[in-house]
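Colleague: I've got a new model open and I'd like to learn how to read it. Could you walk me through it?

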Amino acid sequence: MLVVLAVLALALTAWTSLAGASPARQNGSITGAGSTAVAPLVALWQTKYTGSQVNYSAIGSGGGINAITSRTVDFGASDAPLTPDQAKACNGCLMIPWAFFATSVAYNVSGVSYGLKLTGPVLANIFLGHITKWNDSRIKALNKGLSLPNENITPIYRSDGSGTSYNFTDYLSRVSKEWKGKVGKGTQPSFPEGVGARGSSGVSAKLSSTAGGITYVDVAFSYKNHFKIAKLKNRAGKFVLPGVKSIQSAASSIKKVTRKDNAISIVDPSAGKRGAYPICTFTWAIVPGKTGKAAELKSFLNWALNKGQSYGLPLLFVPMPKPVVQAARRTVQKIHT
């Protein structure tokens, strides 16, 4: 817990010290849009990268995919890989993994403190609407000795196109056959129960005002908003919180990248990773293979994959494993004018 609080303090310090900062020199500019989850990291990169001016708008992964598809920006950012249809519409776009983080499960339950224990199947049943009270026997069985209230559960989900929704539903599809069959994974799935809100800030605000609420949001947002975060049971049978070590453990499960498009899923790592947090994801920069900003993009992306990785830890973005960095750098080299 002390480690988590120390990381939280670092994250808040880094996040709140960005205003007004600017690189020492700038040469040209590039514009991007997309993921709200990666926005704090990109904001930090903007203060460190000196090769060119980087402008970024946090409009959600779905918005970022639409923006790069229509070429209204120089790069998009998404926490979900492109679907085959999206890849076709994007007309030669490349997916470059450039950061790695976790999706936390945050809750607002009366009288319940940090670290409520949940499993993947129980979480799926909550969002399917099968578990509707916080003192349900299935939750009580995981939290022996804990007094749970007879409080209604309100699932809260992203109503906009969201890579965080993709990561969360990718995980639920892995651990629940019913979820996989009825809902599946996607950036904007049809959640059967609950209420929706736009963006990471939207679901965070909705959780804060909803007694009995539960949502999914990237871990830095949870720490920034002082949310109570669940411990999730991994395949090794351990209940773990999303933190630097548990996210790094999940990242270390990637030994090679076999997909040419870099569409890597890492949810629910093998039991061999005893300390791994089970809902982690890469986030991708999506760029045209052919662009007039090739030189600027290649410089920025290579920097992000090298020096940029060292700035992520205070915001709970852990350095990507070497095989992923190597695959990403090979893809960057394909960008041309």
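Modeller: Sure, we'll go from the overall fold to the strands.

Modeller: This is a predicted model, where local features need pLDDT of at least 70, side-chain atom pairs count only at pLDDT 80 or more, and totals for chains, interfaces and linings use all residues. Residues are numbered from 1 along each chain as its sequence is written, and side-chain values use heavy atoms, with hydrogens and water left out.

Colleague: How many helices and strands does the protein have?

Modeller: Helices (H or I, at least four residues) and strands (E, at least two) are DSSP runs, numbered from the N terminus. Here you get 13 helices and 12 strands.

Colleague: What does the radius of gyration say about the protein?

Modeller: Take it over C-alpha atoms and set it against the globule rule, 2.2 Å times the number of residues to the power 0.38. For 337 residues a compact globule would come out near 20 Å, and the protein has 19 Å, so the two agree. The C-alpha trace spans about 60 × 40 × 35 Å along its principal axes.

Colleague: And what percentage of the residues count as buried?

Modeller: Buried means under 20% relative accessible area, exposed over 50%, partly exposed in between (1.4 Å probe, protein chains only). By that cut-off, 56% of the 337 residues are buried.

Colleague: What about contacts between residues at least 6 apart in sequence?

Modeller: Contact means heavy atoms within 4.5 Å. Of the contacts between residues at least 6 apart, 74% join residues at least 24 apart.

Colleague: On to pairing: which strands does β4 join?

Modeller: Two strands pair if DSSP finds at least two bridges between them. Strand β4 covers residues 93–108, and 15 of its 16 residues are buried. Nine bridges tie β4 to β12 (residues 280–288), running antiparallel, with L94 partnered by V287. Six more antiparallel bridges link β4 with β8 (residues 213–218), where N108 stands opposite G213. Then β9 (residues 228–229) joins β4 through two bridges, again antiparallel; A106 has I229 as its bridge partner.

Colleague: In what order do the strands of the open sheet come?

Modeller: That sheet has three strands, ordered β5-β10-β11, with mixed pairing. Its edge strands, each pairing on one side only, are β5 (117–118) and β11 (239–240). Strand β10 (residues 231–233) pairs with β11 in the antiparallel sense over two bridges, and the partner of K233 in β11 is F239.
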